[in-house]
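Subject: Structure handover

Hi,

Here is the structure I promised to pass on. Please open it next to this message as you read.

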Amino acid sequence: MLMRKVLFSLIALILSTSVSFAQYANPGYGDVTKTTEYKIANTAYYGGLVVAGVGTAAWLVGNVICTIELNKYTNSHTTSGTVEEIYSLNQEAKQQPEYKKGEALEIGGYVSMLAGAGIALLGRHKVKKLKNAAGQTAAVLDYGLADNGIVLALNF
């Protein structure tokens with residue numbers, strides 16, 4: 001049940017980045033940053049960063065929950081403290097429902113972190129492409145002589 005809730009929440013969060021594009025229904029004219037295409041790409045970039053940040057937080061929280069539950073179960077059930085006993089108790093702890101909840105949060109957070117990073121990369125790539133097409137930014141490769149030899153410079 002928790003896995004469904006976590007999965008549904010992460011899917012809704014990822015889809016919210018595309019739903020937020022509706023605010024840019026009127027295209028602007030002139031400056032490339034006022035066009036609908038640029039605004040959509042910029043929103044995708046920042047939305048992807050938000051999704052990646054939330055996914056990272058969920059991944060870390062799930063990891064902490066798993067570690068705490070594993071240690072709690074192992075410490076409360078250990079008798080002799082041998083390596084074999086601790087190993088078997090760790091394996092048993094991974095089957096407990098509390099550990100499974102943390103594991104679901106960890107997996108969902110990791111997936112949403114990767115999805116958000118992908119959305120952010122695509123959005124940023126599109127922003128750069130639009131700015132370069134409009135001539136607002138261009139990479140300049142230049143070289144020249146210096147006291148110690150040749151200088152190579154790359155400006156964006």
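Below is what I found, from the overall fold down to single residues.

**Overall picture**

First, a caution: this is a predicted model. The protein has four helices and two strands. Along the sequence the order is α-α-α-α-β-β, with the helices ahead of the strands. The protein has 156 residues, and 26% of them count as buried. The exposed surface comes to about 10,600 Å². Carbon and sulfur atoms supply 63% of that surface.

How much of the contact total comes from residues far apart in sequence? Take the contacts with a separation of 6 or more: residues 24 or more positions apart account for 60% of them.

**The cores**

In general, nonpolar side chains tend to be buried together in soluble globular proteins. Here the largest nonpolar core has six residues. They are Cys 66, Leu 70, Tyr 73, Leu 89, Ala 93 and Tyr 99. Two helices, α2 (36–77) and α3 (83–93), each supply at least two residues of this core. Which helix gives the most to it? That is α2, with three residues.

Look at Tyr 73 within this core. Setting aside residues up to four places away in sequence, Tyr 73 touches Leu 89, Glu 92, Ala 93 and Gln 96. Two of these contacts, Leu 89 and Ala 93, are themselves core members.

Another core lies apart from the largest one. This other core has five residues, including Val 32, Tyr 38, Val 127 and Leu 130.

**α2 against α4**

Two packed helices are described by the angle between their axes and the distance between the axes. Start with α2 and α4, the latter covering residues 97–134. Their axes come within 6 Å and cross at roughly 160°. Angles over 145 degrees count as roughly antiparallel, so α2 and α4 are roughly antiparallel. The crossing of this pair is left-handed.

Val 127 is a good residue to find on the screen. It lies in helix α4. Is Val 127 buried or exposed? Its relative accessibility is 1%, so Val 127 counts as buried. Beyond its neighbours within four places in sequence, Val 127 is in contact with Tyr 38, Ala 41 and Asn 42. Tyr 38 is listed with Val 127 in the five-residue core. Asn 42 is 85 residues from Val 127 in sequence. In space, the two C-alpha atoms are 6.3 Å apart.

Arg 124 is also in helix α4. Its relative accessibility is 32%, so Arg 124 counts as partly exposed. Arg 124 and Thr 43 are 81 residues apart in sequence. Their C-alpha atoms are 9.5 Å apart.

Next, go to Asn 63, in helix α2. Asn 63 counts as partly exposed because its relative accessibility is 33%. The partner to check is Tyr 99, 36 residues away in sequence. From C-alpha to C-alpha, Asn 63 and Tyr 99 are 9.6 Å apart. Tyr 99 is one of the six residues in the largest core.

**α2 against α3**

The axes of α2 and α3 come within 9 Å. They cross at roughly 130°. These two helices are therefore oblique to each other. The crossing of α2 past α3 is right-handed.

Which residues meet where α2 and α3 touch? From α2 come Leu 70, Tyr 73, Thr 74 and His 77. From α3 come Glu 85, Ile 86, Leu 89, Asn 90, Glu 92 and Ala 93. Leu 70, Tyr 73, Leu 89 and Ala 93 appear both here and in the largest core.

Tyr 87 sits in helix α3. Is Tyr 87 buried or exposed? At 53% relative accessibility, Tyr 87 counts as exposed. Tyr 87 and Thr 74 are 13 residues apart in sequence. Their C-alpha atoms are 8.9 Å apart in space.

**Where to look**

Begin with Tyr 73 and its contacts, Leu 89 and Ala 93 among them. Then move to Val 127 and its contacts with Tyr 38, Ala 41 and Asn 42.

Best wishes

Note on methods. Residues are numbered from 1 along each chain as its sequence is written. This is a predicted model: local features need pLDDT of at least 70, side-chain atom pairs count only at pLDDT 80 or more; totals for chains, interfaces and linings use all residues. Side-chain values use heavy atoms; hydrogens and water are left out. Buried means under 20% relative accessible area, exposed over 50%, partly exposed in between (1.4 Å probe, protein chains only). Contact means heavy atoms within 4.5 Å. Accessible areas come from the Shrake-Rupley method with a 1.4 Å probe; for residues, only the protein chains shown count as cover. A nonpolar core is a set of buried Ala, Val, Leu, Ile, Met, Phe, Trp, Tyr and Cys residues joined through side-chain atoms within 4.5 Å. Axes are lines fitted to C-alpha atoms, for helices over the stretch in contact, and angles run from 0 to 180 degrees between N-to-C directions. Angles under 35 degrees count as roughly parallel, over 145 as roughly antiparallel, 65 to 115 as roughly perpendicular and the rest as oblique. A crossing is left-handed if the near helix is turned anticlockwise from the far one by less than a right angle, and right-handed if clockwise.
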